[in-house]
Amino acid sequence: MTKRSYAKSDYGDLKSVGKVKDAHSLKGELYVIIFSKDTSWLDEVKEFALIKAEGEEPQYFEVDKLKKHRDGLIVKTPKITDRTQAESWKNALFLLPKNLFISDAGETIFLSEIQDFTVYDQGVLIGAIHAFSSNGAQDLLQIKSEEYGEVEIPFVADFILEISFENKKILMSLPEGL
C-alpha cells in the first residue's frame with residue numbers, strides 16, 4: 001500500500017490540511033485536495049488561507065461556498081471571481097485555523113492534538129512524535145527515539161493504554177517485536 005507522510009508545519013494559528021489541485025468551473029472555484037481525506041470539520045469553516053510558496057505570508061479568504069468533492073473540496077470565495085484567478089492558486093497550500101482541530105471530550109482526537117507527545121511502551125520511553133503517516137489501513141506515529149532512531153508505530157486503540165493531555169504522554173502496550 002502507498003504510504004503518505006504529513007510533516008509538521010508551523011504557520012502560527014493555521015494548519016496545513018491540503019493543497020489546491022486546480023481551478024474548478026468558470027466562476028473561480030478551487031478544487032482542494034485534503035491530505036488526510038478527513039473533512040469532519042467542513043461545517044465549521046468560515047475562512048481559510050493560501051500560501052503559494054514556502055516563506056510567504058498566508059493570504060486570508062472568507063468562505064462563500066464549501067462542499068465535498070472526490071478526495072477534497074470545492075471552495076468558493078468572493079475574492080476569487082474567475083477561472084484565471086483560481087488557476088493562479090494551483091499548488092498553493094490550503095490552511096485552516098488550528099482551533100478547528102481540537103476534539104471535545106469523548107470524541108475521536110485529531111492527530112495534530114498529540115504532536116510532540118512522548119510515547120511509552122509498558123513504561124519504557126520510546127520517544128517523541130514528530131510527524132504522522134498512514135499505510136492505508138491505519139495511522140502511524142512517526143517517533144524520533146534516541147535508542148531506536150526513527151520508528152513508526154500503528155496508532156490503534158488496541159495498543160493505547162492512556163493518553164494524558166496534561167502531561168503530553170501516550171502510554172501504550174505494543175506487541176512483542178513491534
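How far apart are the mean positions of the positive and negative charges of the protein chain? The points below start there and then move from the whole chain to single residues.

1. **Charges.** The protein chain carries 22 positive and 30 negative charges. Their mean positions are 9 Å apart. Please keep in mind throughout that this is a predicted model.

2. **Overall build.** The protein chain has 14 strands and 1 helix. Its C-alpha trace spans about 55 × 30 × 30 Å along the principal axes.

3. **Burial and surface.** The protein chain has 178 residues, and 40% of them are buried. The exposed area is about 10500 Å². Carbon and sulfur atoms supply 47% of that area.

4. **Contacts along the chain.** Take the contacts in the protein chain with a separation of 6 or more. Residues 24 or more positions apart account for 53% of them.

5. **Aromatic pairs.** The whole structure holds 6 aromatic pairs. One of them joins Phe48 and Phe61. This pair is stacked, with 5.2 Å from centre to centre and 15° between the planes. Phe48 belongs to strand 4 (residues 47–51) and Phe61 to strand 5 (residues 59–62), so the pair ties together parts that are 13 residues apart in sequence. Phe48 and Phe61 are both buried.

6. **The aromatic cluster.** Which residues form one aromatic cluster with Phe48 and Phe61? They are Trp89 and Phe94.

7. **Lysines over rings.** Phe61 has a further partner. The charged end of Lys79 sits over the ring of Phe61, 5.4 Å from the ring's centre. A second lysine is placed over a ring elsewhere: Lys15 lies over the face of Phe101, at 5.7 Å from the ring centre.

8. **Asn91.** This residue sits in the loop between helix 1 (83–87) and strand 8 (93–97). Asn91 is not a glycine, yet its phi is positive, at about 75°. Most residues other than glycine have a negative phi. Is Asn91 buried or partly exposed? Asn91 counts as partly exposed because its relative accessibility is 45%, and the buried class ends at 20%.

9. **Asp116.** Another positive phi turns up here. Asp116, also not a glycine, has a phi of about 75°. The residue is placed in the loop between strand 8 and strand 9 (118–121). Its relative accessible area is 35%, so Asp116 is partly exposed.

10. **Asp121.** Strand 9 contains Asp121. What does Asp121 contact, leaving aside neighbours within four places in sequence? The partners are Ile126, Met172, Ser173 and Leu174. Pro175 is 54 residues away from Asp121 along the chain, but their C-alpha atoms are separated by 9.5 Å.

11. **Lys144.** Strand 11 (residues 139–145) contains Lys144. Lys144 counts as exposed because its relative accessibility is 52%, and the exposed class starts over 50%. Lys144 still touches several residues beyond four places in sequence: Ile126, Gly127, Ala128, His130, Gly149 and Glu150. Ile126 is also in contact with Asp121. From Lys144 to Ala131 the C-alpha distance is 9.2 Å, across 13 residues of sequence.

12. **Ile33.** Strand 3 (residues 29–34) holds Ile33. Beyond four places in sequence, Ile33 is in contact with Val17, Gly18, Lys19, Lys21, Asp71 and Gly72. How far is Ile33 from Val20, C-alpha to C-alpha? The separation is 6.2 Å, and the two residues are 13 residues apart along the chain.

13. **His69.** Strand 6 (residues 65–69) includes His69. Not counting residues up to four places away in sequence, His69 touches His24, Tyr31 and Ile74. Arg83 lies 14 residues from His69 in sequence, and the C-alpha atoms of the two are 18 Å apart in space.

Key:
Residues numbered from 1 in each chain as written. Predicted model: local features only at pLDDT ≥ 70, side-chain atom pairs only at ≥ 80, totals over all residues. Heavy atoms only, no water. Helix = DSSP H or I, 4+ residues; strand = E, 2+ residues; numbered from the N terminus. Buried < 20%, exposed > 50% of the residue type's maximum accessible area, 1.4 Å probe, protein only. Contact = heavy atoms within 4.5 Å. Areas by Shrake-Rupley, 256 points an atom, 1.4 Å probe, with all protein chains shown as cover. Lys, Arg positive; Asp, Glu negative; His and termini not counted. Charge placed at Lys NZ, Arg CZ, Asp CG, Glu CD. Phe/Tyr/Trp six-rings, centres within 6.5 Å; stacked < 30°, edge-to-face > 60°. Lys NZ or Arg CZ within 6 Å of the ring centre and 35° of its normal.
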